[in-house]
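Colleague: I'm new to this one and would like a close look at a single part. Could you walk me through the aromatic pairs and then show me what lies around them?

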Amino acid sequence: GLNFIDLMVRQGNIDNPPKTPLVPGFECSGIVEALGDSVKGFEIGDRVMAFVNYNAWAEVVCTPVEFVYKIPDDMNFSEAAAFPMNFVTAYMMLFEVANLREGMSVLVHSAGGGVGQAVAQLCSTIPNVTVFGTASSFKHEAIKNSVTHLFDRNADYVQEVKRISTDGVDIVLDCLCGENTGKGLSLLKPLGTYILYGSSNMVTGETKSFFSFAKSWWQVEKVNPIKLYEENKVIAGFSLLNLLFKQNRGGLIKGVMDKLLNLYNSKKIKPVVDSLWALEEVKEAMQRIHDRGNIGKLILDVEKAPTPLMANDSTETSEAGEEEEDHEGDNENKERMPFIQ
């Protein structure tokens, strides 16, 4: 699985990045080739998906058994590689942190991405949940049925939400950070929960310098605990990777995965796979995420041969511009793979 956090790792926008050389990647699917002496519950040849603390983008991966899960019979390897990070993150935020219940409302940014689509699907399993989403305009047609109210990512979504729901929303899921932190807090109803689970505004590009990076941090709302107390609001953060690999909560995640696989087997949720890429095409795959061109998850497939560039395609791809830019049309010229859907 290819995630936005992988771009942040590449650019060093994380705490204590590992020393190079390193193999990126935090989730994968495949077939069990070998077992540790004390491993129970798995056999060689089992189809599995797993979390990995780096090194997932490889032909062979080794990870502790507590991070490994069997793939349902009717789930393919691409869907399995798209499943763990997105759906566990979405489930934990909605149900473990924000306590989503019937009749609530949720605002999610990057509604067309892997986590955004997982959030929308999980919200649909609870009666009468209203989902507000922001996404680039060229994604709207593809995802319009998965959210209740969809806004252009460049529009003034605060006013749009308040026009529909005067009191705001119960849950804000923010993967952008920067100025969106203050906007998200301002939209919360009393007893509402704002959750920061990413900071994609911090990813730089050719025209997004260190000063833009610093500006994004400067725009983060300064949180006043007394104001939270007076307004009855909750502010939270969520990092699945820290929960798994630094805080030793693998057992908790296993329980969540069991619930998610039950939902999958009941056909209530299904991973959205944007496209498959050969390992040799990782540059172009990362550029697609960088340009916010994907709908759902990008997958690196070790068995896939690289797709030849079209005659009118350039072998060079420019870095993405500012986060606020709409990249409609940009990605069409850089496609080098067939969509699998």
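Modeller: One term before we start: a residue counts as buried when its relative accessible area is under 20%. Keep in mind, too, that this is a predicted model.

Searching the whole structure turns up 7 aromatic pairs. Take F51 and Y69, one of them: the ring centres sit 6.0 Å apart and the planes stand at 90°, so this pair is edge-to-face. F51 belongs to strand β2 (residues 47-51) and Y69 to strand β3 (residues 68-70), so to speak two distant parts of the chain, 18 residues apart, linked by the pair. F51 and Y69 are both buried.

Now for F83 and Y264. Here the centres are 6.3 Å apart with the planes at 80°, so this pair is edge-to-face as well. F83 is found in the loop between α2 (77-82) and α3, while Y264 is in helix α11 (residues 250-265), so the pair ties together parts that lie 181 residues apart in sequence. F83 and Y264 are both buried. There's a third ring to add: F87 joins F83 and Y264 in a cluster linked by ring pairs.

Let's stay around here and step into helix α3, which covers residues 84-97 and holds N86. Is N86 buried or exposed? With a relative accessible area of 5%, N86 is buried, because that value falls under the 20% cut-off. Skipping its neighbours within four places in sequence, N86 has contacts with N3, G114, V115, A118 and K297. Then there's L240: it is 154 residues from N86 in sequence, yet their C-alpha atoms are 9.7 Å apart in space.

If you'd like some wider surroundings, look at the sheet. This is an open sheet of 6 strands, paired in parallel and ordered β6-β5-β4-β7-β8-β9. At its edges are β6 (149-152) and β9 (234-237), each pairing on one side only. On average, neighbouring strands are turned by 15° against each other, ignoring direction. Helix α6 (residues 157-164) packs on the sheet and touches β4, β5 (130-135), β6 and β7, and its direction makes about 155° with that of β6. Inside the sheet, β4 (residues 105-108) and β7 (residues 169-174) run parallel and are joined by 3 bridges. V108 has L173 in β7 as its bridge partner.

One last stop: the axes of helix α1 (residues 4-11) and helix α12 (residues 282-290) come within 10 Å and cross at roughly 110°. The two helices are therefore roughly perpendicular to each other.

How values were computed
Residues numbered from 1 in each chain as written. Predicted model: local features only at pLDDT ≥ 70, side-chain atom pairs only at ≥ 80, totals over all residues. Heavy atoms only, no water. Helix = DSSP H or I, 4+ residues; strand = E, 2+ residues; numbered from the N terminus. Buried < 20%, exposed > 50% of the residue type's maximum accessible area, 1.4 Å probe, protein only. Contact = heavy atoms within 4.5 Å. Pairing = 2+ DSSP bridges. Axes fitted to C-alpha atoms, helices over the stretch in contact; angles between N-to-C directions. Parallel < 35°, antiparallel > 145°, perpendicular 65-115°, else oblique. Phe/Tyr/Trp six-rings, centres within 6.5 Å; stacked < 30°, edge-to-face > 60°.
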